[in-house]
Amino acid sequence: MSLTRTTCPYCGVGCGVLAGADGTIKGDPDHPANFGRLCSKGTALGETIDLDGRLLNPKVNGQATDWDSALDLVARKFSEAIADHGPDSVAFYASGQLLTEDYYVANKLMKGFIGSANIDTNSRLCMASSVAGHKRAFGTDTVPGTYEDLEKADLIVLVGSNLAWCHPVLYQRIAAAKEVRPEMRVVNIDPRRTATTDLADTHLQIAPDGDVALFNGLLAHLADVGALDQEFTANHVNGLENTVQAARASAPTASGLTPSELAAFYALWAGTQKVVTIYSQGVNQSVCGTDKVNAILNCHLATGRIGKPGCGPFSVTGQPNAMGGREVGGLANMLANHLELDNADHRDAVQAFWDSPAICNAPGLKAVDLFQACADGKIKALWVMSTNPAVSLPDADGVAAAISKVPFVVTSDIMEKTDTNDLAHVLLPTTGWGEKDGTVTNSERRISRQRAFLPIPGAARPDWQIISDVATRMGFGSAFAFEKPADIFAEYVALDAATSQFPRDLDLSIFGDADYAALIPTQWPTNTRRFFADGQFYHPDGKARMIPVKAPTLTQTRFSLNTGRNRDQWHTMTRSGKSARLGAHLAEPYVEMHPDDAVAIGASPGDLITVESLYGHTILRALITPRAAAGQLFAPMHWTRQRSPSGLVNSMTASVTDPISGQPALKSGAVTAQVYKPKWFGFLACASTPATQTPYTAIARTQTGWQAELAGSKRPADWEAEVRALTGMADGIASVQTDMGSGTVRVAFTEGGVISALFFASPSPVVISRRTVVDLIGTDIATSDALAGRPAADMPDAGPTVCACFNVGRTTLLNAISQGAGSLAALGDKTCAGTNCGSCKPELTALLAEAQLPMAAE
Ligand SMILES: Nc1nc2c(c(=O)[nH]1)N[C@H]1C(S)=C(S)[C@@H](COP(=O)(O)OP(=O)(O)OC[C@H]3O[C@@H](n4cnc5c(=O)[nH]c(N)nc54)[C@H](O)[C@@H]3O)O[C@H]1N2
Ligand SMILES: Nc1nc2c(c(=O)[nH]1)N[C@H]1C(S)=C(S)[C@@H](COP(=O)(O)OP(=O)(O)OC[C@H]3O[C@@H](n4cnc5c(=O)[nH]c(N)nc54)[C@H](O)[C@@H]3O)O[C@H]1N2
Ligand code: SF4
Ligand SMILES: [Mo]
């Protein structure tokens, strides 16, 4: 089998992958991001490339149609809206998961040809505060760090980053470096304990949004103990004095940390030259996200800990091409190629290069405002590309209602059923990972190729081609006559060369005569140049700026809702949700809650909790754990209306944004929590996709079909009919057992002599091994045994999956531990767990320490 060298489509680490059409997936040993490693999501890529659920034809109002009809309609509707209501009446909402070539073309069409800047992207929800913070400090949006810096650092500070789950290969690189140099220190700053905390020498359990107070306090301390770099700041930095003065006005204990925790952290930072501060969404997604970024950058600038090996601030990007999108200028307040939208010379130069009829001259609508404009009836035509805003934006139900108000909505996606597609008039099928060609830029500015290794399914087309075809039909053909991604990349590089009179960080000259087909992973500006090593920044005077920032006044609420990610799911699950292995890690939406809070509201493990805000409510499984801080709840962002209509976390989040970056504060919001008391709880395993009409439903793929966690507010009179409706099984033979005393119900369906569905209900949370029940589907085990939920003698119950690569369950691991496997290595030898991608190592360590409480739904 010949393997194709490509790049993982998930996180911003940007790992190299060797992939084959038969589903073979291997880490690329020659890629400098991962040197052959992959995490659990990367390893499972082969399980997500099937055509199940794919959108394979253009659709207009639910009817399949041909490309010409669909493209003509899109071009006509956009042109009509522009003619009738002006260019600002249309909008694109794009994504850091588009390839650079797709992104470049979308940005060019909107900004240069439609003449509006109404193109914003999901990077607004993700990186906007880092972009704004970088620009304030450096004069450009530069991420100066490289992955090697992480290995060379003596102190790594992880702020608002669950690296172990969200950038697993970087986490593994740090873990490996720490094994070689145990003196390396890791500090984890996060309001909750996460898998990342496992690697940390110190966990600073900060109050939500306590970061500015913490880093202002650090800056004041650095000044007090004479740890500032006088020479560097005198020559290369403005604003030192007033920034230190502003920092002194903050009370460090407003961070929620004790004086001794603060003193120890400050002394460690002041006493270590090689410090890397890694930060992510716990910093960016906040009402004071940009200030948090600058509070961190201030400390690095004041000490000259930037631009040197093993040193510097490092904003790790989430999406595979968040960086590429920033480079081509895909946000509503950027132009292209790191040029400034509010600079007339820059605009003129871009317009001249594009030879375009127009150029936007004012920033467009940022994501949250864009959907508000939809709600207000100001947007007449909207095109959503490679993102799922009806799920991922704050106040997602309000956003869904806003999209419904737009007279003409187009989506480009690989999948047919998504919450946003359900609201669109036109669905355009795109090629997906493995079928498309282009480039992505990872967190360390390294541009790598994504290459196709699969045939194009159905009528799908690449995003860049669809956008170019619409542009052509709108009358802009000559500027969009691209034949292949390489043509677009060449134009993007040429635009850079044509605007070299404007000094800035982005410099693509290294790609000037690159062989696109054979392009090897390459960092801009060069593979060796280190940004800011020469003390040169990009403000007009060449200096960096320290920015005085003020700690916010924190308001106390009964419960504050924090949201984020699971190890084995990717955002709205359209791809990772296809893999049964990945689905087995955490199979339903949950809310992490401190044991004291559980006592206070009377919640027990396995209960369902109604979490409610002014915006909406959800029903989530209680995961009671001391990893959560008292008064704070945490819920994952992954569940959608397709899989758990009651589990959509953004139904509760507020559309409150950082005033500078426009990034929503998705990590904290006031909510209430109370135990949801259904009349029955249920668990269903079946061969077909279960219906989702029960008040609480969460469905997931399994190795044998599907499973559903359920709870209802009314006990059905006829359980057989209920299960038939849930499974859509008209013909199966039902066997029903009810126990009047305990109120439990068990239903089995057999078809053709094999078990096709098993259902268990009870007035309290169903206690049964999910894995055992799931494994019985499709077998010819006796119905009575199946209804007992008993594994056959040769099928011991493995418990919920911990290691996704080798499918090793918790019970198997606990058994191995009790039989003497007392270390990670011994567990690996005995069960294989943790020996492939290593993403589960933090959980294995926790199991070994017996510190982890059982999962709620066991
Ligand atoms: N498995 C997986 N990996 C992913 C993704 C995925 O969907 N799944 N998505 C990718 C994308 S697009 C992104 S942006 C990244 C996100 O990667 P991360 O930012 O690492 O992930 P999150 O879980 O969103 O949030 C990180 C942490 O911020 C903490 N936090 C919340 N509030 C605060 C605060 O006020 N201060 C501090 N210091 N911390 C706080 C949370 O408790 C959480 O543990 O992950 C990328 N990688
Ligand atoms: N509460 C809460 N909400 C959050 C966050 C949080 O931490 N908490 N994080 C925010 C962040 S950082 C991010 S990045 C967003 C992510 O949120 P989204 O971008 O909305 O989530 P995805 O599921 O990644 O959506 C990608 C879509 O593109 C489709 N797709 C995949 N490949 C292709 C392709 O090649 N072409 C096209 N056209 N489509 C494709 C997928 O099927 C899917 O529908 O969520 C944000 N929302
Ligand atoms: S760390 Fe995992 S998800 Fe991220 S790029 Fe590497 S393999 Fe893909
Ligand atoms: Mo993100």
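Begin by selecting Ile 189 together with ligand 1: in this predicted model, a backbone N or O atom of Ile 189 lies 3.1 Å from a nitrogen atom of the ligand. Keep ligand 1 in view and add Cys 166, where a polar backbone atom is 2.8 Å from a nitrogen atom of the ligand. Then add Arg 192, whose side chain places an N or O atom 3.0 Å from an oxygen atom of ligand 1. If you now show the surface of the protein around the ligand, you will find that the protein covers 99% of the 910 Å² of accessible area that ligand 1 has on its own.

Next, widen the selection to the shell of 35 residues around ligand 1, in which Asp 190, Asp 209, Ser 280, Arg 565 and Gln 569 come nearest. Colouring this shell by class will give 10 nonpolar, 16 polar and nine charged residues.

The next stop is the space that holds the ligand, since ligand 1 sits in the second largest cavity. Three elements give two or more residues to the shell around the ligand, namely helix H6 (163-166), helix H12 (281-284) and strand S21 (559-564). The cavity itself has a volume of about 530 Å³, and 38 residues line it, with Gly 160, Gln 281, Gly 282, Arg 565 and Lys 667 lying nearest its centre. Arg 565 is therefore worth labelling twice, as it is among the residues that come nearest to ligand 1 and among those nearest the centre of this cavity.Show H6, H12, S21 and strand S25 (632-636) as ribbons, for each of them supplies at least two residues of the lining of the second largest cavity, and the largest share, four residues, comes from S21. By class, this lining divides into 11 nonpolar, 19 polar and eight charged residues.

From here, move to the other cavities, of which the structure holds nine of 30 Å³ or more, counting the one just visited. The largest cavity contains about 640 Å³ of space. To centre the view on the largest cavity, select Gln 97, Ser 386, Thr 387, Trp 570 and His 571, which are the closest to its centre among the 37 residues that line it. Strand S15 (408-413) and S21 each supply at least two residues of this lining, and S21 does likewise for the lining of the second largest cavity. Colour the lining of the largest cavity by class to finish, and it will show 11 nonpolar, 20 polar and six charged residues.

Methods:
Residues are numbered from 1 along each chain as its sequence is written. Chains are lettered from A and ligands numbered from 1 in the order in which they are written. This is a predicted model: local features need pLDDT of at least 70, side-chain atom pairs count only at pLDDT 80 or more; totals for chains, interfaces and linings use all residues. Side-chain values use heavy atoms; hydrogens and water are left out. A residue is near a molecule or strand if one of its heavy atoms lies within 4 Å of it. A polar contact is a pair of N or O atoms within 3.5 Å; within protein, one must be able to donate a hydrogen and the other to accept it, and residues adjacent in sequence count only if both atoms are side-chain atoms. Accessible areas come from the Shrake-Rupley method with a 1.4 Å probe; for residues, only the protein chains shown count as cover. On a 1 Å grid over the protein atoms alone, a cavity is a set of points where a 1.4 Å probe fits but cannot get out, and a pocket is an open set with protein on both sides within 12 Å along at least five of seven lines; lining residues have an atom within 4 Å of a point. A molecule sits in a cavity or pocket if more than half of its atoms lie within 2 Å of its grid points. Ala, Val, Leu, Ile, Met, Phe, Trp, Tyr, Cys and Pro count as nonpolar, Asp, Glu, Lys and Arg as charged, and the others, Gly among them, as polar. Grid points are joined across faces, edges and corners, and a volume is the space filled by probe spheres set on the points.
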